[in-house]
Amino acid sequence: QVRMVESGGGLVQPGGSLRLSCATSGIAFSINDMGWYRQAPGKERELVATISGDGRTTYADSVKGRFTISRDNAKITVYLQMISLKPEDTAVYYCNADVTTLSRASVTSWGQGTQVTVSS
């Protein structure tokens, strides 16, 4: 099984920056696409950004130019650098990964979430 643990959330003023990290542990055949999602109160979980194993990225329109996703394949860690934060970025942020298990099954692993609050 693969376990994912986010860190780096917190309270920040509008215009500020945060860097989220998501460390992965466990055993798998491979870890493929990784991503960040967020869920604001009363809203559905939405995709923020994804990154493939070879570094190709996608972003939600609402965060393009402000957020940057990256990964360290040696550490099996995915990051989300967030700048120019807005109050509407307030949400619980979750990381996930598409995992191929040792038995070659495809599963999606999720972290427990980290709170990001943008407020003055």
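What follows is a conversation between a visitor and a guide about a predicted model.

Visitor: How do you know that Cys 22 and Cys 95 form a disulfide?

Guide: The sulfur atoms of Cys 22 and Cys 95 are 1.9 Å apart, and a disulfide is called when two cysteine sulfur atoms lie within 2.5 Å, so the pair meets the criterion. A search of the whole structure finds one disulfide, and with 45° about the S-S bond, the link of Cys 22 and Cys 95 is right-handed.

Visitor: Which parts of the chain does this pair tie together?

Guide: Cys 22 belongs to strand S3 and Cys 95 to strand S9, so the link ties together parts that are 73 residues apart in sequence.

Visitor: Why is Cys 22 called buried, and what is the relative accessibility of Cys 95?

Guide: Buried means under 20% relative accessible area; Cys 22 has 0% and is therefore buried, and Cys 95, at 0% relative accessibility, counts as buried too.

Visitor: What makes the contact of Arg 66 with Asp 89 a salt bridge?

Guide: The closest N and O atoms of Arg 66 and Asp 89 are 2.8 Å apart, and the rule asks for a side-chain nitrogen of Lys or Arg within 4 Å of a carboxyl oxygen of Asp or Glu, so the pair qualifies. This pair links distant parts of the chain, with Arg 66 in the loop between strand S6 (57-59) and strand S7 (67-72) and Asp 89 in the loop between strand S8 (77-82) and strand S9 (91-100), 23 residues apart.

Visitor: Are these two residues, Arg 66 and Asp 89, buried or exposed?

Guide: Arg 66 has 10% relative accessibility and therefore counts as buried, and Asp 89, at 1%, counts as buried as well.

Visitor: Which residues are linked with Arg 66 and Asp 89 in a network of salt bridges?

Guide: Arg 38 and Glu 46 are linked with Arg 66 and Asp 89 in that network. Glu 46 forms a salt bridge with Arg 38, and their closest N and O atoms are 2.6 Å apart. Arg 38 counts as buried because its relative accessibility is 5%, whereas Glu 46, at 37%, counts as partly exposed, that class being the one between 20% and 50%.

Visitor: How many salt bridges does the rule give?

Guide: The count comes to five salt bridges, including one in which the side chains of Lys 64 and Asp 61 meet at 3.1 Å, N to O. Asp 61 has 63% relative accessibility and so counts as exposed.

Visitor: Why is Ile 27 called exposed, and which residues make a nonpolar surface patch with Ile 27?

Guide: Exposed means over 50% relative accessible area, and Ile 27 stands at 60%, so Ile 27 counts as exposed. Ile 27 is found in the loop between strand S3 (18-26) and strand S4 (30-39), and together with Phe 29 and Leu 102 Ile 27 makes a nonpolar surface patch of about 340 Å².

Visitor: How do you know that S1 and S3 are paired, and how many bridges join S1 to S3?

Guide: Two strands pair if at least two bridges are found between them, and six bridges join S1 to S3, which run antiparallel, so the requirement is met. Glu 6 stands opposite Cys 22 in S3. The open sheet has four strands in the order S1-S3-S8-S7, with antiparallel pairing.

Visitor: What makes strand S1 (2-7) and S7 the edge strands?

Guide: Each of these two strands pairs on one side only.

Note on methods
Residues numbered from 1 in each chain as written. Predicted model: local features only at pLDDT ≥ 70, side-chain atom pairs only at ≥ 80, totals over all residues. Heavy atoms only, no water. Patch = residues over 30% accessible without salt bridge, like charges linked within 9 Å, V, L, I, M, F, W, Y side chains within 5 Å. Areas by Shrake-Rupley, 256 points an atom, 1.4 Å probe, with all protein chains shown as cover. Buried < 20%, exposed > 50% of the residue type's maximum accessible area, 1.4 Å probe, protein only.
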